[in-house]
Amino acid sequence: MDIVSPWMTEDVVMMQDSVRKVLEKEFLHQREGWEEDGIVNRAAWLKAGELGLLCPSIPEEFGGGGGSKAHDAMLAQEVERAGLGGGFGVGIGTHCMVAHYILAYASKEKRADWLPKMASGELIGAIAMTEPGTGSDLQAIRTKAEKVPGGYKVNGQKIFISNGQNADLIVTVCRTGGEGAKGVSLLVVEGSAEGFKRGRNLKKIGLPAQDTSELFFDDVFVPDENLLGSVEGEGFYQLMNQLVWERMLCTLGAVVSMELAIQYTTEYVKSRKVFGKAVMDYQNTQFKLAECKTQAHVARVFVDQLMQQLLDGGLDNTASAMAKWWTTDTQFKVLDECLQLHGGYGYMTEYPIARLWRDARILRIWAGTNEIMKVIVARDL
């Protein structure tokens with residue numbers, strides 16, 4: 001499937017072809033093993049770093065690819081198209097987001113220390129927002145960072161953290177001040193820190209290859225230089241700024257998933273015969289696929305427009321929230337229709353439509369639930 005969007009420059013298209021070949025040759029055969037183990041192994045991360053798949057939009061001076069977020073977006077789409085979105089794609093996407101938190105808000109010394117190792121796969125990143133009693137309401141965070149000489153003592157618990165078992169650098173949302181947004185700060189907790197513990201690798205409905213964990217902080221000392229930003233209390237602003245990109249990654253994944261589902265289903269219904277004729281020959285099938293294709297096309301045009309706005313520096317929180325809730329809601333409807341057209345085979349995980357459907361459900365919860373996205377949009381009315 002060759003899709004070249006308007007925001008894809010010549011160098012992005014050239015990289016797309018090489019990325020596609022690398023994913024198929026080096027990683028696709030490992031998917032079943034990762035799913036059985038519930039984690040992408042460290043060797044695969046190091047290989048991804050060696051092949052330039054990590055941090056493509058981080059400047060070359062920090063070990064990255066020196067590209068733009070168009071390169072990140074293309075990579076996210078190709079990982080999904082390769083059938084690796086349910087574990088490897090989530091991991092790389094999270095890792096690249098952490099790199100941008102560090103690039104934007106860490107000191108020059110920490111950028112120089114951490115980012116080259118993230119680009120090589122030596123260090124793996126995670127973002128710890130969600131807590132057992134706190135989901136999309138980031139202002140209600142309870143994990144506390146108490147100021148002590150030379151740094152902070154962090155106490156609390158996080159849950160549902162992508163890359164949680166593998167992570168070496170955890171951007172942790174903490175409360176350094178009073179109630180509300182102004183009391184929130186981001187601290188980078190290093191995986192080797194005393195008092196930091198990983199809980200279970202959680203069992204999920206989908207994303208079987210993605211390590212998703214509980215994290216525990218018991219008097220974890222974090223040095224002053226690991227605070228993101230120049231002063232305390234900037235965390236909520238930093239999150240809101242970076243969540244625009246995270247929601248766009250969800251949106252891109254949703255659109256590619258729809259496009260793949262329609263491709264797989266069209267191929268299936270043309271070859272499958274029922275009552276003496278191809279399933280595609282029935283008008284109901286034609287109408288259902290026509291509706292799905294139209295919805296996917298509208299989503300693609302919408303997302304391409306927003307990607308260009310993002311690259312131009314003009315994408316705001318409201319537009320990204322619109323895109324995230326609508327495309328992921330639409331994605332699930334399209335995938336459900338496509339699975340239905342596969343009949344019983346659609347429920348078998350050996351068929352790609354089953355894996356797409358299974359892994360799509362989380363996108364309406366990730367990066368802020370779709371209900372929260374509608375609240376954001378409503379505030380702008």
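A residue counts as buried when its relative accessible area is under 20%. In this predicted model, that cut-off settles the case of Arg 358: its relative accessibility is 16%, so Arg 358 counts as buried. Its salt-bridge partner is Glu 35, and the closest N and O atoms of the pair are 3.7 Å apart. Arg 358 belongs to helix α10 (residues 352–360) and Glu 35 to helix α2 (residues 31–37), so this contact ties together parts that are 323 residues apart in sequence. Glu 35, for its part, has a relative accessibility of 25% and therefore counts as partly exposed.

This pair is a good starting point for the salt bridges, of which the whole structure holds 16. As a general background, side chains of opposite charge can pair when their charged atoms come close.

A further salt bridge brings together the side chains of Glu 131 and Lys 158, with an N to O distance of 2.9 Å. Here, too, distant parts of the chain are linked: Glu 131 sits in the loop between β1 (125–128) and β2 (144–148), while Lys 158 is in strand β3 (residues 151–162), 27 residues apart. Glu 131 and Lys 158 are both buried.

Turning to a pair of helices, the side chains of Glu 337 and Lys 288 form a salt bridge at 3.4 Å, N to O. Glu 337 is found in helix α9 (residues 317–341) and Lys 288 in helix α8 (residues 283–311), so the pair joins parts that are 49 residues apart in sequence. Glu 337, at 27% relative accessibility, counts as partly exposed, and Lys 288 is partly exposed with a relative accessible area of 25%.

Salt bridges also combine into a network: through shared partners, Arg 20, Glu 78, Arg 81, Glu 259, Arg 300 and Asp 304 are joined into one.

The interior space of the model can be described next. There is one cavity of 30 Å³ or more, and the largest cavity contains about 30 Å³ of space. Its lining is made up of Val 40, Trp 45, Gly 87, Phe 88, Gly 91, Asn 163, Ala 209, Gln 210 and Asp 211. Helix α5 (residues 85–105) gives the most to this lining, with three residues. By character, the lining residues of the largest cavity comprise four nonpolar, four polar and one charged.

Conventions. Residues are numbered from 1 along each chain as its sequence is written. This is a predicted model: local features need pLDDT of at least 70, side-chain atom pairs count only at pLDDT 80 or more; totals for chains, interfaces and linings use all residues. Side-chain values use heavy atoms; hydrogens and water are left out. On a 1 Å grid over the protein atoms alone, a cavity is a set of points where a 1.4 Å probe fits but cannot get out, and a pocket is an open set with protein on both sides within 12 Å along at least five of seven lines; lining residues have an atom within 4 Å of a point. Grid points are joined across faces, edges and corners, and a volume is the space filled by probe spheres set on the points. Helices (H or I, at least four residues) and strands (E, at least two) are DSSP runs, numbered from the N terminus. Ala, Val, Leu, Ile, Met, Phe, Trp, Tyr, Cys and Pro count as nonpolar, Asp, Glu, Lys and Arg as charged, and the others, Gly among them, as polar. A salt bridge is a side-chain nitrogen of Lys or Arg within 4 Å of a carboxyl oxygen of Asp or Glu. Buried means under 20% relative accessible area, exposed over 50%, partly exposed in between (1.4 Å probe, protein chains only).
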